[in-house]
Amino acid sequence: MLELNHISLTFNEDTSDEKKVLKDINLRLEKGDFVTVIGSNGAGKSTLMNVISGALYPDLGQVKINHKQVTGLPEYKRSQYIGRVFQDPMAGTSPTMTIEENLAIAYSRAKKRSLKLGVNKKRRELFEQALETLNLGLEKRLNVKVGLLSGGERQALSLLMATFTDPDILLLDEHTAALDPARAELITQLTRDVVQSTDLTTLMVTHNMQQALDLGNRLIMMDKGQIILDISGTEKKALTIDKLLYEFQRIRGEKLDSDRAVLG
Ligand SMILES: Nc1ncnc2c1ncn2[C@@H]1O[C@H](COP(=O)(O)OP(=O)(O)OP(=O)(O)O)[C@@H](O)[C@H]1O
Ligand SMILES: [Mg+2]
């Protein structure tokens, strides 16, 4: 479903600020893979998401989605294949527009023509049905401006907008990090439900190791622009935070900045 071949990216090449942020990244995700991504600050996690979404182009290497070469395809043309939710609850939605208007924009990106319904009763019913699955009562607030919603409500809406047009890949970049524990738990649960019910191929960056262990069928750890650990299946199920920290130290020979990593 997603293939990254020999992806490298350097910022400010040939200057004193030169920073090799991605170094020969190779990754293959099968349909339905739910991969949690951990790694210290500056490891290159968000940059990798940006290369997949097309917000950044790699210097070297290829990105393939569903066997299609998309390496040079601009972000807006890739958006039909990719749903994305960011850390900032303000980033995924437009505050001055209503819930219905935000959903309509997300719908206009749908790759399936049948989803591109006009402003009519049928479309509203679809939106209401989708919102009901969040269990937040948002289906009764279609005409409310999104700026008035709480961070958790906005993230739930962002998640819905990112997924209901049936993308091939879902990218989540610390999408629960800005929320209080109860709301983070709610969004984590919604994420688990939506990925399970749609069998969506998902990459989720998190600083919360417990979340990375609890969710998904595969876990990768990044460090200094490389994937240094890739664990899946029964091996992932048996993982613990202690084992992860041990592996990191074994590979890197240094102690992980565990405060932020463990506490999230
Ligand atoms: N546009 C840019 N120009 C120069 N350097 C950049 C740019 N974007 C990111 N970087 C640098 O690249 C490195 C990797 O950044 P990235 O945001 O991918 O890290 P991350 O793993 O997501 O970290 P965090 O956990 O803090 O979100 C960092 O050192 C960052 O400062
Ligand atoms: Mg990041």
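This report walks through the sheets, the helix packing and the ligand surroundings of the structure above. Please keep in mind that the model is predicted.

**The four-stranded sheet**

Let us start with the open sheet whose four strands follow the order E2-E1-E4-E5, with antiparallel pairing. Its edges are strand E2 (19-29) and strand E5 (68-69); each has a single partner strand, so one side of each is left without a neighbour in the sheet. Helix H1 (residues 45-53) packs on this sheet, where it touches E1, E2 and E4, and its direction makes about 120° with that of E1. Inside the sheet, strand E1 (residues 2-11) pairs with strand E4 (residues 60-65) in the antiparallel sense, over five bridges. If you would like a landmark in that pairing, look for Glu3, whose bridge partner in E4 is Lys64.

**The six-stranded sheet**

The other sheet to look at is also open: six strands in the order E6-E7-E8-E3-E9-E10, and here the pairing is mixed. Strand E6 (82-85) and strand E10 (226-232) stand at the edges with a single partner strand each, so one side of each has no neighbour in the sheet. On average, and ignoring direction, neighbouring strands of this sheet are turned by 15° against each other.

Both senses of pairing can be followed here. Strand E7 (residues 169-173) and strand E8 (residues 201-205) run parallel and are joined by five bridges; within this pair, Leu172 has Met204 of E8 as its bridge partner. Strand E9 (residues 218-223) and E10, by contrast, run antiparallel, with six bridges between them. Met221 is bridged to Leu229 in E10. E9 and E10 form a hairpin with two residues between them, and Lys224 in the turn has a positive phi of about 45°. A helix belongs in this picture too: H5 (residues 151-163) lies across E6 and E7, running at about 170° to E6.

**Two helices that cross**

Next come helix H3 (residues 99-108) and helix H4 (residues 121-132), which pack at an angle of about 100° with their axes 11 Å apart. Angles of 65 to 115 degrees count as roughly perpendicular, which makes H3 roughly perpendicular to H4. On the H3 side, the contact is made by Ile99, Glu100, Leu103, Ala104 and Tyr107, and on the H4 side by Arg123, Arg124, Leu126, Phe127 and Leu131. Sorted by character, the residues of this contact are seven nonpolar, three charged and no polar.

**Around ligand 1**

There are 14 residues around ligand 1, and those that come nearest are Lys19, Gly42, Lys45, Thr47 and His207. The table lists polar atoms of three residues and their distances to an oxygen atom of ligand 1.

| Residue | Atom of the residue | Distance to an oxygen atom of ligand 1 |
|---|---|---|
| Ala43 | backbone N or O | 3.1 Å |
| Lys45 | side-chain N or O | 2.8 Å |
| His207 | polar side-chain atom | 2.7 Å |

Lys19 links this site to the four-stranded sheet: it is one of the residues that come nearest to ligand 1, and it is found in strand E2, an edge strand of that sheet. Which residues does Lys19 touch, not counting those up to four places away in sequence? They are Leu9, Thr10 and Phe11. Finally, for a sense of distance, the C-alpha atoms of Lys19 and Gly216 are separated by 31 Å, with their places 197 residues apart along the chain.

Notes
Residues numbered from 1 in each chain as written. Chains lettered and ligands numbered in written order. Predicted model: local features only at pLDDT ≥ 70, side-chain atom pairs only at ≥ 80, totals over all residues. Heavy atoms only, no water. Axes fitted to C-alpha atoms, helices over the stretch in contact; angles between N-to-C directions. Parallel < 35°, antiparallel > 145°, perpendicular 65-115°, else oblique. Contact = heavy atoms within 4.5 Å. Nonpolar A, V, L, I, M, F, W, Y, C, P; charged D, E, K, R; others polar. Pairing = 2+ DSSP bridges. Near = heavy atom within 4 Å. Polar contact = N/O pair within 3.5 Å; in protein donor to acceptor, adjacent residues only side chain to side chain.
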